[in-house]
Amino acid sequence: MADVLPTPLIASDDHLAHAGLIELAAGREIPCYESPERATAIRQGLLSTGDYALQPPDAHGPDAISAVHEVELIDLVEHVWTDAVADGWDAVRPLLPDTFMLRSYIGPMALAALPAGRHLRLGAYCFDTATPIVAGTANAARAAVDIALTAADRVLEGAPLAYGLCRPPGHHAGRNLIGGYCFFNNAAIVAQSIIDRGAQRVAILDVDFHHGNGTQQIFWQRDDVLYVSLHGDPGGIYPYFSGYAGERGEGRGEGANLNLPLAAGTDGEAYLAALNDGLDAIARFDPDGPLVLSLGFDTYHADPICNLALRTDDYARIGGRIGKLGVSVVALQEGGYAVDALGVNAVAFLGGLREGLRDR
Ligand code: Q9C
Ligand code: ZN
């Protein structure tokens with residue numbers, strides 16, 4: 001292909017009303033890093049190049065979400081805010097759980113009920129204090145799924161690459177679990193949807209700084225979806241409980257999960273070495289559907305909550321290497337909190353991907 005067509009950039013404004021204001025970190029209220037300004041910065045950066053065609057998402061309805069998440073989780077996300085407000089919740093205060101239904105809470109007990117008010121059940125479905133819920137959350141979470149599915153549509157229609165500017169992100173959300181700023185697992189929903197549209201094998205590559213515990217969990221026992229993740233070593237990094245190299249999947253899924261934990265300070269060269277291992281695994285898996293890319297820029301050296309050391313030009317190389325796999329890519333936004341650098345980093349990464357894919 002001599003010329004590269006504009007890359008579909010699927011985005012909407014529905015995320016703007018999902019603004020958490022605060023999260024709890026080590027017992028302290030801090031401003032929520034996962035802000036609407038993140039998406040604005042990426043969108044402006046990409047559009048300023050002229051290489052992207054901004055398109056709204058198409059509504060896909062609830063089926064693709066319920067193919068991945070439990071109905072009770074979907075019901076919680078949809079109604080937790082209105083239940084809280086009906087119970088007198090101060091509508092400017094973001095909702096966070098104040099109890100957590102841990103495995104060690106339950107022990108051997110067969111518990112009899114959950115409270116009817118979904119805000120009182122929240123801690124049965126949420127694993128952290130970093131996931132504030134506000135009035136606009138459910139709508140934004142649904143829109144993020146539609147954005148992701150629309151990006152997948154464009155690739156299945158023949159585009160080599162489409163980018164979904166998903167906000168909220170998704171990779172920490174499990175079958176029946178929210179957390180880590182995530183409500184619905186956009187990447188998992190897209191992978192499942194590609195399978196449901198006829199692919200036999202789909203690979204998810206997760207380059208967000210954090211381990212995608214939700215994605216790993218959803219496909220843990222599956223051999224039709226390969227999950228490969230590069231992330232900060234969970235021995236010192238959120239979400240702490242998963243992302244270790246020994247986690248390889250189970251049953252039919254054994255070997256279809258690959259974690260590549262990275263030491264603090266990992267730079268572009270070391271990152272690319274680990275990425276090569278991940279890409280080799282994907283090539284061996286031989287996907288017959290597009291690659292689903294969980295794309296975070298929180299690996300950036302100046303990210304305020306992370307500890308890798310990637311630079312803007314590293315993203316171009318990383319994107320280029322992924323493009324050279326020769327598989328079309330549905331790229332979906334996950335994290336990245338250095339707002340001032342998100343635009344240039346997105347341009348570098350997706351620009352590298354566009355070039356890498358050009359001569360595939
Ligand atoms: N002190 C995503 O990047 N806070 N989620 C960790 C550690 C939660 C990140 C605080 C980070 C969630 C999509
Ligand atoms: Zn992250």
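**View 1. Pro-239 sits in the loop between strand 7 (225–232) and strand 8 (257–262).** Tyr-238 and Pro-239 are joined by a cis peptide bond, with omega about 5°. Helices and strands in these views are DSSP runs counted from the N terminus, helices being H or I runs of at least four residues and strands E runs of at least two. What you see is a predicted model, in which local features need pLDDT of at least 70 and side-chain atom pairs count only at pLDDT 80 or more, while totals for chains, interfaces and linings use all residues. Residues are numbered from 1 along each chain as its sequence is written, chains are lettered from A and ligands numbered from 1 in the order in which they are written, and side-chain values use heavy atoms, with hydrogens and water left out.

**View 2. Asn-257 belongs to strand 8.** Is this residue buried or exposed? Asn-257 counts as buried because its relative accessibility is 3%; buried means under 20% relative accessible area, exposed over 50% and partly exposed in between, using a 1.4 Å probe and protein chains only. A polar atom of the Asn-257 side chain lies 3.0 Å from the backbone oxygen of Glu-247. That pair is a polar contact: N or O atoms within 3.5 Å, where, within protein, one must be able to donate a hydrogen and the other to accept it, and sequence neighbours count only if both atoms are side-chain atoms. Leaving aside residues up to four places away in sequence, Asn-257 touches Gln-216, Trp-220, Leu-226, Tyr-227, Glu-247, Arg-248 and Gly-249, where contact means heavy atoms within 4.5 Å.

**View 3. Pro-168 and Tyr-181 share the loop between strand 5 (161–164) and helix 7.** Look for the cis peptide bond that runs from Arg-167 to Pro-168, where omega is near 5°. Further along this loop, Tyr-181 has a positive phi, near 75°, although it is not a glycine. Tyr-181 is counted as buried because its relative accessibility is 8%.

**View 4. Ligand 1 has 13 residues around it.** Which of them come nearest? They are His-172, Gly-180, His-210, Asp-298 and Tyr-337; a residue is taken as near if one of its heavy atoms lies within 4 Å of the molecule. On the nitrogen side of the story, one nitrogen atom of ligand 1 is 3.3 Å from a side-chain N or O atom of His-172. Oxygen atoms of ligand 1 feature too: one is 3.2 Å from an N or O atom in the His-210 side chain, and a polar side-chain atom of Tyr-337 lies 2.5 Å from an oxygen atom of the ligand. On its own, ligand 1 has 410 Å² of accessible area, of which the protein covers 81%. Accessible areas come from the Shrake-Rupley method with a 1.4 Å probe, and for residues only the protein chains shown count as cover.

**View 5. Helix 7 (residues 186–196) is mostly covered.** How many of its 11 residues are buried? The count is 10, among them Asn-186, Ile-189, Val-190, Gln-192 and Ile-195. Ser-193 is another residue of helix 7, and it counts as buried because its relative accessible area is 9%. From C-alpha to C-alpha, Ser-193 and Ala-39 are 24 Å apart in space, with their positions 154 residues apart in sequence. After helix 7 comes Gly-198, whose phi is positive, near 120°.

**View 6. Ile-133 lies in the loop between helix 5 (118–121) and helix 6, and Thr-137 is in helix 6 (residues 137–156).** Ile-133 counts as buried because its relative accessibility is 3%. Its C-alpha atom is 8.3 Å from that of Ala-19, which is 114 residues away along the chain. Beyond four places in sequence, Ile-133 touches Val-80, Trp-81, Pro-94, Leu-95, Leu-122, Ile-178 and Phe-183. Thr-137 is likewise buried, because its relative accessibility is 2%. With the same four-place exclusion, Thr-137 touches His-18, Pro-132 and Phe-183, so Phe-183 is a contact of both Ile-133 and Thr-137.

**View 7. Asp-286 is found in the loop between helix 9 (268–285) and strand 9 (291–295).** Its phi is near 60°, a positive value in a residue other than glycine. Asp-286 counts as partly exposed because its relative accessibility is 46%.
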